[in-house]
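Biologist: I'm new to reading protein models. Could we look at one together, so I can ask how you arrive at the names and numbers?

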Amino acid sequence: MGEAQYYFQARVGVVTRALALLSVYSAPDEELLNKSFETVWVSTYLGNTNFRVIDVKDIISVVAMVPFEQTGQHGQFFMVEKFGLEVGQVAGSEELVTNE
């Protein structure tokens with residue numbers, strides 16, 4: 001799993017391919033993963049120390065990596081699938097609409 005830094009095209013042999021440069025996260029914390037019945041995926045962001053180039057066709061899904069502060073270790077993130085506009089409902093303000 002990784003964070004896409006940028007996308008580009010490159011000629012490989014006689015074929016031009018669409019590629020992505022990823023900054024790769026660590027493997028998940030096995031203890032948290034096992035205790036959570038494989039529902040809490042916490043990884044360390046490795047930043048500029050671990051890059052990988054992949055074919056964009058190999059991208060399976062897009063997820064959000066949200067800061068995880070439960071362990072007290074800096075630089076850990078947990079994976080959230082289907083992170084979308086509904087998040088605005090969690091952090092947004094509510095407005096009471098009255099009929100006048």
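**Reading the model, step by step**

Modeller: Happy to! The chain has two helices and six strands, and keep in mind that this is a predicted model. Along the sequence, these elements follow the pattern β-β-α-β-β-β-β-α.

Biologist: What makes a stretch count as a strand, for instance S3?

Modeller: A strand is a DSSP run of E with at least two residues. Strand S3 covers 42-44 and strand S5 covers 64-67, so each qualifies.

Biologist: How do you know that S3 and S6 pair?

Modeller: Pairing needs at least two bridges. Three bridges join S3 to strand S6 (residues 76-80), so the two count as paired, and they run antiparallel. As an example of bridge partners, Thr44 is matched with Gln76 in S6.

Biologist: Which strands form the open sheet, and in what order?

Modeller: The order is S3-S6-S5, with antiparallel pairing. Strands S3 and S5 each have a single partner strand, so they stand at the edges, and one side of each has no neighbour in the sheet. From one strand to the next, the twist averages 45°.

Biologist: What makes a residue count as buried, and what share of the chain does?

Modeller: The cut-off is under 20% relative accessible area. Of the chain's 100 residues, 20% count as buried.

Biologist: How much area does the chain expose, and which atoms supply 54% of it?

Modeller: About 8,100 Å² is exposed, and carbon and sulfur atoms supply that 54%.

Terms used. Residues numbered from 1 in each chain as written. Predicted model: local features only at pLDDT ≥ 70, side-chain atom pairs only at ≥ 80, totals over all residues. Heavy atoms only, no water. Helix = DSSP H or I, 4+ residues; strand = E, 2+ residues; numbered from the N terminus. Axes fitted to C-alpha atoms, helices over the stretch in contact; angles between N-to-C directions. Buried < 20%, exposed > 50% of the residue type's maximum accessible area, 1.4 Å probe, protein only. Areas by Shrake-Rupley, 256 points an atom, 1.4 Å probe, with all protein chains shown as cover.
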